[in-house]
Amino acid sequence: MMESLLIANRGEIARRIIRTAKTLGIRTIAVYSEADQSLPFVREADEAIAIGPSPTRESYLSQERILEAARKTDAAAIHPGYGFLSENAEFAEAVEKAGLVWVGAPPAAIRAMGLKDAAKELMQAAGVPVTPGYLGPDQSEARLMAEADAIDYPVLIKAVAGGGGKGMRRVDRPQDFAELLASCRREASASFGDDRVLIERYIANPRHIEVQVFADQHGNCVHLFERDCSLQRRHQKVIEEAPAPGLDAATRAAICDAAVKAARAVNYVGAGTIEFIADASQGLHPDRIWFMEMNTRLQVEHPVTEAISGEDLVLWQLKVASGEPLPKSQDEITMKGWALEARLYAENPAAGYLPSTGRLEHLKLPRTVRVDSGVEQGDEITAFYDPMIAKIIAHGPNRDAALSKLAAACAGIEVWPVRSNAGLLARIAAAPDFRAARIDTGFLDRHGETLVAKVPDQTAIDRVATVLSQTPGDDPWSALSGFRIAGPSDSRVRLRIDSHLYWGQARPELETTTAKIAETTVLFDTGNAWSIGLPLASEIEADHGAGDGAILSPMPGLVISVDVAEGDLVTKGDRLLTVEAMKMEHTLRAPFDGIVGKLQVSPGTRVSENQLVVTVVMGEE
């Protein structure tokens, strides 16, 4: 077993790897950017070393800086986690060339499965069914559009080197193809340095089912059953579960066998995931499930597999990388119960899921279930990285029991002033259609309006405000409401109104007068957080344009394109510019017909939330 391990990643997955490595007596080394210097993973590692500024290209994507950190700390191995350099064959080769152990897939396997078109051709040759589409080398817009017409709409444009939901666009009409192709290529080029795409048939009722595979250096290859990752938004997974609901034993055997066959076809070693797309319009059947891609790394959702199998997949990774055989054979791997994982994101569902940044002044995560988090109360959520705050993992004897645990856990989450999707997660877990497993990747699109919480009734706000505004002399009971034997008083007030339990939180260092309440009180209700006195409804419309034509950035981020010039004539809905943050592009459009006034930004400008970026002046016809 290796003596020391450098973790070329950050946040939650870095803490996860540190936890297992320490049980094996392995010395852990963290690398961190300027933005992350105070995060828990830096403190929890045995040693930590700074590798550069906050932007990923200058820190976590800098191969030279990470390898230099490994040299300085005498690291014996490097674990890339997921994301960043985890599926970079060039980096894997550089690690091995430096004489270090690479805790990941072989470079050849990464290359073979890293390009979606080549991977599909390889899978076809291995006898693994693939989704109908175009994988050819002709990347001209005319050829791609012709292939899309031949497949018939809707189609999916996917970056050849894509992953993590990036570089993917659904096209419903031929007239939208060119614009969405350009957007997909731009994102693919920025994210992967490769703007090539492929075209696939878009499955109307798709289920996203993936199989966890593991292989060692001795020719052994097994699966640890499947996961269902169908609950997604904009191709980003929100809730994952294992096993997949509605999957019978015969279909499970078919896709798990196909997954092992796919791994063997590339002489795979380590942890990997074979992803399949299933047409669920007529139930799940082997002949309606197709290979989509392989992720040659550990997945974000690996905890649900750990929960149902009882295995530590990071431990398996470290053992395999050290040359040991797989800890168990296929016959020894069993499945027990049901598990679900919900991704707690720093985003505002009521404002179109825009990313939310800032200091986590108040953070309460559940203690009744497993929680994997990269941050703690007081830490900062920045615009530089993924917006995930934590993963909430619930395990039970069956799906209903696990869902009930997940719903209760998410309902008890409190996050402020950073906005989160905790309330949305709680509602999803309790939704009748989700509990009945009537799901596909369009679930959130269909149910979004009913799942996003509405602003509390004004009566509820007024009643909580009245309770919080009382002084100890007004009510003999309220004098003890915050009593503590030691430590600061608890200023929260619990108030049940109809079927809702509100938790009013007044910051103790500020006056709790009626005038101050409007600025300092937060209501927590089943995962949602509402501020009294601040705008409770979403201020942000799709175009984020005020009536006077002042266009504000809806989120902190980077301007990646400006599509107009000062003096241009625009019509309502025309694209003005695009802002990117936390893996998300947001296009700002003209709120009405007019003329582009003063442009305040250019490509590469970093903007803050609600910063003025451009004005549109209403023009005379």
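# A walk through sheets and buried spots

Visitor: Which is Ser59, buried or exposed?
Guide: Keep in mind that this is a predicted model. The cut-off for buried is under 20% relative accessible area. Ser59 has a relative accessible area of 0%, so the label is buried.

Visitor: What element does Ser59 sit in, and what does Ser59 touch beyond its neighbours within four places in sequence?
Guide: Ser59 is in the loop that runs between strand 3 and helix 3 (63-72). Once those sequence neighbours are set aside, the residues in contact with Ser59 are Ser33, Ile51, Gly52, Pro53, Ser54, Ile66 and Tyr385.

Visitor: Strand 3 just came up, so where does strand 3 sit in its open sheet of 5 strands?
Guide: The order of that open sheet is 3-2-1-4-5, and the pairing is parallel. Strand 3 (47-52) pairs on one side only, as does strand 5 (101-102), which puts strand 3 at the edge.

Visitor: How many bridges link strand 2 and strand 3, and which residue stands opposite Ile29?
Guide: Strands in a sheet are held together by backbone hydrogen bonds, in a parallel or antiparallel sense. Strand 2 (residues 27-33) and strand 3 take the parallel option, over 5 bridges. Opposite Ile29, in strand 3, you'll find Glu47.

Visitor: Over to Ala159: which strand holds Ala159, and what is its relative accessible area?
Guide: Ala159 belongs to strand 7 (residues 155-163). Ala159 counts as buried because its relative accessible area is 1%.

Visitor: What C-alpha separation do Ala159 and Ala188 have?
Guide: Ala188 is one of the residues in contact with Ala159 outside the four-place sequence window, along with others including Lys116, Cys184 and Phe192. Along the chain, Ala159 and Ala188 are 29 residues apart. Their C-alpha atoms are nevertheless separated by 5.9 Å.

Visitor: What about the cysteines: how many disulfides does the structure hold?
Guide: A disulfide would be a covalent bond joining the sulfur atoms of two cysteines. Cys229 is buried at 0% relative accessibility, and Cys256 is buried too, at 1%. Still, the number of disulfides in the structure is 0.

Visitor: In what order do the 4 strands of the antiparallel open sheet come?
Guide: Strand 28 (550-552) and strand 30 (569-570) are its edge strands, each pairing on one side only. With the pairing antiparallel, the order reads 28-35-33-30.

Visitor: Which residue in strand 35 is the bridge partner of Leu552?
Guide: Strand 28 and strand 35 pair in the antiparallel sense, over 3 bridges. For Leu552, the partner in strand 35 is Leu612.

Visitor: And which residue in strand 35 is the bridge partner of Ile595?
Guide: Ile595 lies in strand 33 (residues 594-599). Strand 33 is joined to strand 35 (residues 612-618) by 4 bridges, running antiparallel. Gly594 stands opposite Met618 in strand 35, while the partner of Ile595 is Val617.

Visitor: Why does Ile595 count as partly exposed?
Guide: Under 20% relative accessible area would make a residue buried, and over 50% would make it exposed. Ile595 falls in between, so it is partly exposed, with a relative accessible area of 33%.

Visitor: What is the area of the nonpolar surface patch that Ile595 helps make?
Guide: A patch residue needs over 30% relative accessible area, and Ile595 has 33%. Val617, its bridge partner, belongs to the patch as well, together with Leu569. The patch made by Leu569, Ile595 and Val617 has an area of about 290 Å².

Key:
Residues numbered from 1 in each chain as written. Predicted model: local features only at pLDDT ≥ 70, side-chain atom pairs only at ≥ 80, totals over all residues. Heavy atoms only, no water. Patch = residues over 30% accessible without salt bridge, like charges linked within 9 Å, V, L, I, M, F, W, Y side chains within 5 Å. Areas by Shrake-Rupley, 256 points an atom, 1.4 Å probe, with all protein chains shown as cover. Salt bridge = Lys/Arg side-chain N within 4 Å of Asp/Glu carboxyl O. Helix = DSSP H or I, 4+ residues; strand = E, 2+ residues; numbered from the N terminus. Buried < 20%, exposed > 50% of the residue type's maximum accessible area, 1.4 Å probe, protein only. Pairing = 2+ DSSP bridges. Disulfide = S-S within 2.5 Å. Contact = heavy atoms within 4.5 Å.
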